[in-house]
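Work through these exercises with the structure open beside you. Try each task before you read its solution.

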Amino acid sequence: MYLATIGLIFLPCLLTDSLYQQARSLFQFVCHQFPERSFYLNNRPLPVCHRCLGVYLGGCVALLVYGLTRRGQAPQVGKTALLFCLPLVAQVALKPFFIDFSPALRFYSGYLAGMFIPLLLIEALLELTNQRGHKKEDHT
Amino acid sequence: MNETRLAKDAYVKTAVPVGIVAGLLSGLPFINMLNCCCFYYLGGGFLAVFLLSRRSDIMTLVDGLLCGVITGFATGVVASLLNGISLMLGFNQGLYAVKTMMKLYEKIELPPEAAVKINEQLAEQMENLQNMTVADVLKNSLIAIVSAIVVCAIGGLIAALIFKKEAKPQAENEQSGS
């Protein structure tokens, strides 16, 4: 799913205008899409901003690393993982004081925050399937 | 084993009111401009799970996920309904946003090639918004609901990670009860 999202961000920029517009409308509810805050590909701003791109790419990398190293084991995300979100939270909190950051910093803050989200989601989903399994066992 | 002991009722009672408020905030014209980086969606999911954790003795990631999903559904539905109502009243929020963006870009220096492309795209977007059909509105509503569900679920999961409460072992429960 993450790879599909990455594909939806990059590919339409290289394809027709209508496909590009479709991709933009798909992400319009989750990203402001300001062109001056987006990377460019083929002279077109990507359909998501620097920070959102970081979130998706970070999630993708985390999933790849998890898949390669801890296959079959449930991830255990602790509260310390929230530290990864601190740069992003700090950037957003400083926004009202007109303190702005470079595109690279915005991208990396999103990248760090995005890394733990899919792992948290996998942990919750595995917990849910375990609960369902136990309930079925109880019924039988 | 961490078992969810919360009744379905508890999720709904907490998630739906929070979802309605978040939906109102993200669907009302002008107020929804503060919904930058999905702030209302993330905040809605987070708040619902925080409130749920205060009501119950147990809070797991599954509780956070389920509560977030319900909050997201309520948020998405309310926001889409409001968007539909404002369209029927003749106020196209998307069109207003594009017009505002066009005004903003007149003041910002962009590479000439990119500026031309952006203007072309905004003009096309404006045309599409002016000629929106019922099918387009429904499609947009569906995307909005799915987005709200995903983002609220993430907010709920983060809250569940912070306010996690493990179930007490049976013996300990009995001792504290006696």
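**Exercise 1. Two domains**

How many Å apart do the C-alpha centres of domain 1 of chain A and domain 2 of chain A lie?

*Solution.* Keep in mind that this is a predicted model. Step one: find the bounds. Domain 1 of chain A covers 1-48, and domain 2 covers 51-140. Step two: take the C-alpha centre of each domain. The two centres are 22 Å apart. Step three: look at where the domains touch. Domain 1 of chain A brings 9 residues to the contact, and domain 2 of chain A brings 8. Step four: sort the side that belongs to domain 1 of chain A. Of its residues touching domain 2, 8 are nonpolar, 1 is polar and none is charged.

**Exercise 2. The fold and extent of chain A**

Describe the secondary structure and the dimensions of chain A.

*Solution.* Start with the elements. Chain A has 5 helices and 2 strands. Along the sequence their order is α-α-β-β-α-α-α. Now turn to the dimensions. The C-alpha trace of chain A spans about 60 × 40 × 25 Å along its principal axes. Its radius of gyration is 18 Å, while a compact globule of 140 residues would have one near 14 Å. Next, check burial. In chain A, 33% of the 140 residues are buried. Last, check the contacts. Take those in chain A between residues at least 6 apart in sequence: 67% of them join residues at least 24 apart.

**Exercise 3. The largest nonpolar core**

Which residues have the most contacts inside the largest nonpolar core?

*Solution.* The core has 67 residues, and A:Leu120 and B:Leu157 have the most contacts inside it. Next, ask which elements build it. Helices H2 (17-27), H3 (50-69) and H5 (103-139) of chain A each give two or more residues, and so do helices H1 (8-27), H2 (39-55), H3 (61-88) and H6 (134-162) of chain B. H6(B) gives the most, with 13 residues. Then follow B:Leu157. Leave aside its neighbours within four places in sequence. Its contacts in chain A are A:Leu120, A:Leu121 and A:Ala124. In chain B they are B:Leu61, B:Gly64, B:Leu65 and B:Gly68.

**Exercise 4. One residue in helix H5**

Why does A:Gln131 count as partly exposed?

*Solution.* First, place the residue. A:Gln131 lies in helix H5 of chain A. Second, count. There are 16 other C-beta atoms within 10 Å of A:Gln131. Third, apply the cut-offs: 20 or more means buried, and 12 or fewer means exposed. The count of 16 falls in between, so A:Gln131 is partly exposed. Finally, compare A:Gln131 with A:Phe107. They are 24 residues apart along the chain, and their C-alpha atoms are separated by 37 Å.

Terms used
Residues numbered from 1 in each chain as written. Chains lettered and ligands numbered in written order. Predicted model: local features only at pLDDT ≥ 70, side-chain atom pairs only at ≥ 80, totals over all residues. Domains from an automatic or database assignment. Contact = placed C-beta atoms within 7 Å. Nonpolar A, V, L, I, M, F, W, Y, C, P; charged D, E, K, R; others polar. Core = buried A, V, L, I, M, F, W, Y, C linked by C-beta atoms within 7 Å. Helix = DSSP H or I, 4+ residues; strand = E, 2+ residues; numbered from the N terminus. Rg over C-alpha atoms; globule rule 2.2 N^0.38 Å.
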